[in-house]
Amino acid sequence: ISTLFFGVFYSNTGECESFLNEKDCLAPLNSITGLTQCLWTSGSDDDQVDDAFGSCSLNQPPSNMSFVVILALVCVLIGAPLSITISFVLDNFCSPRPVLEDIGFSTEYWFGRGVQTQEISYQ
């Protein structure tokens, strides 16, 4: 689920690396967060100089505690119902042993004598 989250919110389309100036680099916005998709790194220490040797790269997701907590909550809210649904389907529909007699086949023929249910009588 976190992979889907990062794929949607912080997808790397390779677009950032193609920009050659700061204005073009900072123009595309993430449609969900409203932040810039790309980050301009200047090649010189002086920020006042329009440096042609800068580079544009993908803006990384935040690494603060509130972002991690929100991401964990989103994963739990989406993952818990999904996990419960999958467990229900597997337990009720996928794991029971088929009753071949209901469709006209012999369980003993297909699975052998060892899988037959035996009635135990207590005296």
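Colleague: How are helices and strands defined here, and how many of them does the chain have?
Modeller: Helices and strands are DSSP runs, with at least four residues for a helix and at least two for a strand. This is a predicted model. Along the sequence the pattern is α-α-β-β-α-α. The secondary structure therefore comes to four helices and two strands.

Colleague: Which residues form the largest nonpolar core?
Modeller: Two elements, β1 (38-41) and β2 (55-58), each give two or more residues to this core. The core has seven residues. They are Cys16, Phe19, Cys25, Cys38, Trp40, Cys56 and Leu58.

Colleague: How many residues does the other core have?
Modeller: That core lies apart from the largest one. Phe5, Tyr10, Leu71 and Cys75 are among its members. Its count is five residues.

Colleague: Which residues of α3 are buried, and what helps to cover them?
Modeller: Residues three or four places apart on an α-helix point the same way, because a turn takes 3.6 residues. In α3, the buried residues are Phe67, Leu71, Cys75 and Gly79. Their cover includes α1 (2-9).

Colleague: How far apart are the end C-alpha atoms of helix α3?
Modeller: Helix α3 covers residues 65-94, which is 30 residues. At 1.5 Å a residue, the helix should therefore span 44 Å. The value in the model agrees: 40 Å.

Colleague: Where does α3 kink?
Modeller: The kink is about 25°. Proline 81 follows shortly after it. The kink lies at glycine 79.

Colleague: What share of the chain is buried?
Modeller: Buried here means under 20% relative accessible area. The chain has 123 residues. Buried residues make up 16%.

Notes
Residues are numbered from 1 along each chain as its sequence is written. This is a predicted model: local features need pLDDT of at least 70, side-chain atom pairs count only at pLDDT 80 or more; totals for chains, interfaces and linings use all residues. Side-chain values use heavy atoms; hydrogens and water are left out. A nonpolar core is a set of buried Ala, Val, Leu, Ile, Met, Phe, Trp, Tyr and Cys residues joined through side-chain atoms within 4.5 Å. Buried means under 20% relative accessible area, exposed over 50%, partly exposed in between (1.4 Å probe, protein chains only). The expected span of a helix is 1.5 Å times one less than its number of residues. The bend at a residue is the angle between axes fitted to the seven residues ending there and the seven starting there. Contact means heavy atoms within 4.5 Å.
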